[in-house]
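Work through the exercises below with the sequence and the model open. Try each task before reading its solution.

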Amino acid sequence: MKKAIYAGSFDPVTLGHLDIIERASHLVDVLVVAVLENPNKKSLFTVEERKQHLELVTADLPNVEVASFRGLLADFATEIGATVAIRGLRNAIDFASEYQMYLINRKLNHQLETIFLAADEEHLSLSSTNAKEIAVFGGNIDFMVPEQVRPFVVQKYQEMHSV
């Protein structure tokens, strides 16, 4: 059984993330979408909230599991028995940083292979950061985040502004 891991912050999950998840799920038997718990990063949503959002948007993908982890991707891949890491690429800048991570992950875990999936043209400008920057000012994020997640993003910023 081929098991892969697609890890990220997913803060919030975007339509670009969802596209990579859907496409990767067709390449492997099991795809674990893993939320990285990074104490060095200030997140809009908690790890549990991000996991819940991912579970909502992947509910119709039977071979997708949602998890979270803290630490190194290479170690978590070993822990769950994943031999493939899926990484999405929007541009050459993404490739440069992702290729460095590929090299590091190979040193840390020789069994972990990386598959790079190019972003679909309509998702090239999408990022969680861009979605948050638009949402904080009440802008329309319909083209950026899955329909199921939009209310959570809007509500989070409304709560922050009412404090």
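Helices (H or I, at least four residues) and strands (E, at least two) are DSSP runs, numbered from the N terminus. The model is predicted: local features need pLDDT of at least 70, side-chain atom pairs count only at pLDDT 80 or more, and totals for chains, interfaces and linings use all residues. Residues are numbered from 1 along each chain as its sequence is written, and side-chain values use heavy atoms, with hydrogens and water left out.

**Exercise 1. Fold outline**

Task: State how many helices and strands the chain has, and give their order.

Solution:
- Step 1. Count the elements. There are six helices and five strands.
- Step 2. Read from the N terminus. The order is β-α-β-α-β-α-β-α-β-α-α.

**Exercise 2. Overall dimensions**

Task: Compare the radius of gyration of the chain with the value for a compact globule.

Solution:
- Step 1. Fix the rule. The radius is taken over C-alpha atoms, and the globule rule is 2.2 Å times the number of residues to the power 0.38.
- Step 2. Apply it. For 163 residues the rule gives a value near 15 Å; the chain has 16 Å, which agrees.
- Step 3. Add the box. Along the principal axes, the C-alpha atoms fill roughly 50 × 35 × 30 Å.

**Exercise 3. Surface, contacts and charge**

Task: Describe burial, contact range and charge for the chain.

Solution:
- Step 1. Set the burial classes. Buried means under 20% relative accessible area, exposed over 50%, and partly exposed in between (1.4 Å probe, protein chains only). Of the 163 residues, 47% count as buried.
- Step 2. Take the surface. Accessible areas come from the Shrake-Rupley method with a 1.4 Å probe; for residues, only the protein chains shown count as cover. The chain comes to about 9,100 Å², and 54% of that belongs to carbon and sulfur atoms.
- Step 3. Check contact range. Contact means heavy atoms within 4.5 Å. Among contacts between residues at least 6 apart in sequence, 75% join residues at least 24 apart.
- Step 4. Count charges. Lys and Arg are positive, Asp and Glu negative; His and the chain ends are not counted. Each charge is placed at NZ of Lys, CZ of Arg, CG of Asp or CD of Glu. The chain has 15 positive and 22 negative side chains, with the centres of the two sets 7 Å apart.

**Exercise 4. The nonpolar cores**

Task: Which residues touch the most other members of the largest nonpolar core?

Solution:
- Step 1. Define the core. It is a set of buried Ala, Val, Leu, Ile, Met, Phe, Trp, Tyr and Cys residues joined through side-chain atoms within 4.5 Å.
- Step 2. Find the hubs. The largest core has 32 residues, and Ile-21, Leu-31, Leu-54 and Ile-86 touch the most other members.
- Step 3. Map the contributors. Elements giving two or more residues to this core include strand S1 (3–8), helix H1 (15–25), strand S2 (30–36) and helix H6 (150–162). H1 gives the most, with four residues.
- Step 4. Inspect one hub. Not counting residues up to four places away in sequence, the contacts of Leu-31 include Ala-4, Ile-21, Val-64 and Ile-86.
- Step 5. Look for another core. A core of 13 residues lies apart from the largest one, with Ala-7, Val-32, Ala-67 and Leu-73 among its members.

**Exercise 5. The loop between S1 and H1**

Task: What backbone features do Phe-10 and the bond from Asp-11 to Pro-12 have?

Solution:
- Step 1. Locate the residues. Phe-10 is in the loop between S1 and H1, and so is Pro-12.
- Step 2. Read phi. Phe-10 has a positive phi of about 50 degrees although it is not a glycine. Phe-10 is buried, at 3% relative accessible area.
- Step 3. Read omega. The peptide bond from Asp-11 to Pro-12 is cis, with omega near 0 degrees.

**Exercise 6. Burial of single residues**

Task: Is Lys-156 buried or exposed? Then classify Leu-117 and Phe-95.

Solution:
- Step 1. Lys-156 is in helix H6. Its relative accessible area is 16%, so Lys-156 is buried. Leaving out residues up to four places away, Lys-156 touches Leu-44, Phe-45 and Glu-49.
- Step 2. Leu-117 is in strand S5. At 11% relative accessibility, Leu-117 counts as buried. Beyond four places in sequence, its contacts include Ile-20, Ala-24, Ile-86 and Leu-89.
- Step 3. Phe-95 lies in helix H4 (residues 92–108). At 38%, Phe-95 counts as partly exposed. Beyond four places in sequence, Phe-95 is in contact with Leu-89 and Phe-116.
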